[in-house]
Amino acid sequence: MSQERIFLRRLCVWFAVPICLTLATAAPAGRAVADQIDGHPVMMLSAELEDTEQKNEAGEPIDACTWVREIFRQHILMVAREEFGFVTRDVTLGEPVDRDSPECFHLKVLAWEHTPVEITLRRGDKIIYTGTAVNEECHLLKKFRHLPQHVLNTRESVVEALKSAGYEHTPLPKGELQALPQEVEALLGRINTISQYAAVRRLHQLLEEHGESPAILGGLVRGYAHLSQMTLPLLDLRHRAFGARSLLYANRLVRLSPDSAVGEWHRAYAFTFMGYPVGAHEELEAAKTHANENTPEPRWLELIRLSVGYKFKEFEQLVED
């Protein structure tokens, strides 16, 4: 058989396998994705693009930054998943979302340039939540480092809105897990996509089983920071979805341990992997006011310091050692 025929046969196999898998798992025509999962409510979350020509009453245009939109979107998904038991499907991550289903959720984020952010969450044609998300002028959003802190302030109102819509609320307890299992640390240390997905899946299981603890939240910060970096070359916005999750978990860690430097260290980690060294440097400086001998530094912290300080020779030497 000629080399050309061998190549063509292999090429057909390469295309046939994913097509067959897709057909085998596809929903029947006209059936919503939500109908396929029994026992749990499903949040299929779409991504609505904003009209950049739109203006508010003051004549100010929309700030169409996808980071702003994505941080709000991921916050909604995290609340639905962790406190209401939703199965989540996120269109940003390429997961199956039936936009026309009456069960599909749509989140609209209007970030005006000089006025507060307005968000609206609806399911089909029903409004679930609407309100002002940031009670300060939007110039604050330009300070990207502070945005997730204000997004988390909407948690209680989002929880109340979902409860009013008829969903059962089960808040996360405060966890007592002091350290991550060794197998999870091993997965986080393997910088490849499969290991990082496996790590965050296991961390979400630990979060459900044990509740919030610095160890679990810190692991989620690192895992999603790694995924954000590794998906950056892809021609979509999933790197921003993962980066948003990393930042949100880092800010939850700060709120969980406000008198510790652990939260700032992890925010510095997230900013470093997201390519924001200025924010990472600011976090390291802020951490100095909380650092003490009772808080052991993680092994990776010195690498973050060297990277943020552009001390690449010392960085390489420390890695080699």
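**Salt bridges and strand pairing**

In this predicted model, Arg-252 has a relative accessibility of 13% and therefore counts as buried, the cut-off being under 20%. The side chain of Arg-252 takes part in a salt bridge with Glu-82, in which the closest N and O atoms lie 2.8 Å apart. This pair links distant parts of the chain, since Arg-252 belongs to helix H8 (residues 238–256) and Glu-82 to helix H2 (residues 66–84), with their positions 170 residues apart in the numbering. Glu-82, with a relative accessibility of 12%, likewise counts as buried, so that both partners of this salt bridge fall in the buried class.

The neighbouring position in helix H2 also carries a paired side chain, as Glu-83 forms a salt bridge with Arg-155, the closest N and O atoms being 2.9 Å apart. Here too distant parts of the chain are linked, with Glu-83 in helix H2 and Arg-155 in helix H4 (residues 155–164), the two residues being 72 residues apart. The partners fall into separate accessibility classes: Glu-83 is buried, with a relative accessible area of 9%, whereas Arg-155, at 30% relative accessibility, counts as partly exposed.

A further pair is formed by Glu-297 and Arg-305, whose side chains meet in a salt bridge with an N to O distance of 2.9 Å. In this case both residues are partly exposed, Glu-297 having a relative accessible area of 47% and Arg-305 a relative accessibility of 30%. Beyond these pairs, Glu-70, Arg-73 and Asp-90 are connected to one another in a network of salt bridges. Across the whole structure, the search finds 12 salt bridges. In general, side chains of opposite charge can pair when their charged atoms come close.

Turning to the strands, E3 (residues 104–110) is mostly covered, with six of its seven residues buried. Strand E3 is joined to strand E1 (residues 42–45) by two bridges, and these two strands run parallel. Strand E3 is also joined to strand E4 (residues 118–123), in this case by six bridges and with the strands running antiparallel. Phe-105 of E3 appears in both pairings: Phe-105 is the bridge partner of Leu-45, while in E4 the bridge partner of Phe-105 is Arg-123. Strand E3 thus has a parallel partner in E1 and an antiparallel partner in E4.

Notes: Residues are numbered from 1 along each chain as its sequence is written. This is a predicted model: local features need pLDDT of at least 70, side-chain atom pairs count only at pLDDT 80 or more; totals for chains, interfaces and linings use all residues. Side-chain values use heavy atoms; hydrogens and water are left out. A salt bridge is a side-chain nitrogen of Lys or Arg within 4 Å of a carboxyl oxygen of Asp or Glu. Helices (H or I, at least four residues) and strands (E, at least two) are DSSP runs, numbered from the N terminus. Buried means under 20% relative accessible area, exposed over 50%, partly exposed in between (1.4 Å probe, protein chains only). Two strands pair if DSSP finds at least two bridges between them.
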